[in-house]
Amino acid sequence: GRRVDAKLMDALPKLEIISNFGVGVDSIDLEAARARGIIVTNTPDVLNDCVADTAMALVLNTLRRFPRAEDYLRAGNWPTQGPFPLATAVGGKTLGILGLGRIGAAIARRAEVFGMKIRYHNRRRRTDVPYPYDPDPVALARESDVLMVVTPGCAETNGLVNAAVLDALGPEGYLINVARGSVVDEPTLLRYLQERRIAGAGLDVYVNEPDVPPEFFTLDNVVLLPHVGSATVETRTAMGELQIENLRLHFAGKPVRTPVV
């Protein structure tokens, strides 16, 4: 969608509130809103479970190669070429979570049930979780079999997953991104997948949505979803209800439920 920047805010002099449909507010200039006394709200928590389900689906589909296995069956290869080649197990692998917030914690709970070991990196270490903490993304990637990107999209996280992080992840490591395309250096990721410098990737988000670089489509070591992280009837309904609730509260002169600024 379009950016809600200072120029747009100034073009709407009576603007009081920006009610965002979604948890990510990277398309809104928060500083400009704060400077003008404009309230910004988003829709946290109600989408945690569906996004975490998507994240785990990407882990399973990327390591176990289920989409490729279905393609193999549909192409008629099973009777003629025999069983589909062996894939990689999920249980016993270390999942490194880059951004252990609400959604990251929901992913961690699911991954633990699948027998994965959890570690994480955040800007600030959490005191309320039992998982080992790594001081930076490179250290986390080095310790991880699967690196899960679930940070906010913002200037601080732009290109955070770069060549150094992918080198640390290594040729047997996998990258999963359910955050924002901007967090990953996309051309470098593409090259690392092409050259098998990482084992594979599962992506729900891209730098220039809905335009995904077509070079990804020729690769068999990447699973691609069209930004469906929270895309269920139930979750989108709950997001819409929370968005409207924030507007109703504001215009009734009450504090909004989920303020960002």
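These legends go with a set of close-up views of a predicted model.

**View 1. Helix α3 meets helix α6.** Start with the two helices, α3 covering residues 48-64 and α6 covering residues 102-113. Their axes come within 9 Å and cross at roughly 50°. The pair is therefore oblique, and the crossing of α3 with α6 is right-handed. On the α3 side, look for Asn48, Asp49, Val51, Ala52, Asp53, Ala55 and Met56. The α6 side brings Arg102, Ile103, Ala106, Ile107, Arg110 and Ala111 to the contact. Sorted by type, the residues of this contact come out as eight nonpolar, one polar and four charged.

**View 2. The largest nonpolar core.** This core takes in 31 residues. Leu95, Ile97, Ile107 and Met148 are the ones with the most contacts inside the core. Helices α3 and α6 each give two or more residues, and so do the strands β3 (94-98), β4 (117-121), β5 (146-149) and β6 (174-177). Which element gives the most to this core? That would be α3, with seven residues.

**View 3. Around Met148.** Here we zoom in on one of the residues with the most contacts inside the largest core. Setting aside neighbours within four places in sequence, Met148 is in contact with Ala55 and Val59, with Leu95, Gly96, Ile97 and Leu98, and with Ile107, Ile176 and Val178. Ile107 also turns up in the α3-α6 contact of the first view, on the α6 side, and Ala55 is there on the α3 side.

**View 4. A second core.** A separate core of 26 residues sits apart from the one above. Val149, Ile198, Leu203 and Val222 are among its members.

**View 5. Phe114 in its loop.** Phe114 is in the loop that runs between α6 and β4. Is this side chain's residue buried, exposed or partly exposed? Phe114 is partly exposed, at a relative accessible area of 39%. Beyond its neighbours within four places in sequence, Phe114 is in contact with Met56, Leu60, Val90 and Gly91. Take Val90: it is 24 residues from Phe114 in sequence, while the C-alpha atoms are 7.1 Å apart in space. Met56 is another one to spot again, since this α3 residue is also part of the contact with α6.

**View 6. Leu242 in helix α10.** Leu242 lies in α10 and is buried, at 3% relative accessibility. Not counting residues up to four places away in sequence, Leu242 touches Asn42, Thr43, Pro44 and Val46, plus Arg257 and Thr258. For a sense of distance, Leu242 and Val40 are 202 residues apart in sequence and 13 Å apart in space, C-alpha to C-alpha.

**View 7. His250 and Phe251, both in helix α10.** Helix α10 spans residues 233-251, and this view shows two of its residues. His250 is buried, with a relative accessible area of 14%, whereas Phe251 is exposed, at 57%. What does His250 contact, leaving aside its neighbours within four places in sequence? The list is Glu16, Ile17, Ile39 and Val256. On the same kind of count, Phe251 touches Glu16 and Ile17. Phe251 and Glu16 are 235 residues apart in sequence, but their C-alpha atoms are 9.2 Å apart in space.

**View 8. A cis peptide bond at Pro210.** The peptide bond that joins Glu209 and Pro210 is cis, with omega about 5°. Where to look for Pro210? Follow the loop between β7 (200-203) and β8 (222-224).

**View 9. Positive phi at Arg65 and His227.** Arg65 is not a glycine, yet its phi is positive, at about 60°. Find Arg65 in the loop between α3 and α4 (66-74), where this arginine is partly exposed at 24% relative accessibility. His227 is a residue other than glycine too, and its phi is positive, near 50°. The loop in this case is the one between β8 and α10. His227 is partly exposed, with a relative accessible area of 31%.

Notes: Residues are numbered from 1 along each chain as its sequence is written. This is a predicted model: local features need pLDDT of at least 70, side-chain atom pairs count only at pLDDT 80 or more; totals for chains, interfaces and linings use all residues. Side-chain values use heavy atoms; hydrogens and water are left out. Axes are lines fitted to C-alpha atoms, for helices over the stretch in contact, and angles run from 0 to 180 degrees between N-to-C directions. Helices (H or I, at least four residues) and strands (E, at least two) are DSSP runs, numbered from the N terminus. Angles under 35 degrees count as roughly parallel, over 145 as roughly antiparallel, 65 to 115 as roughly perpendicular and the rest as oblique. A crossing is left-handed if the near helix is turned anticlockwise from the far one by less than a right angle, and right-handed if clockwise. Contact means heavy atoms within 4.5 Å. Ala, Val, Leu, Ile, Met, Phe, Trp, Tyr, Cys and Pro count as nonpolar, Asp, Glu, Lys and Arg as charged, and the others, Gly among them, as polar. A nonpolar core is a set of buried Ala, Val, Leu, Ile, Met, Phe, Trp, Tyr and Cys residues joined through side-chain atoms within 4.5 Å. Buried means under 20% relative accessible area, exposed over 50%, partly exposed in between (1.4 Å probe, protein chains only).
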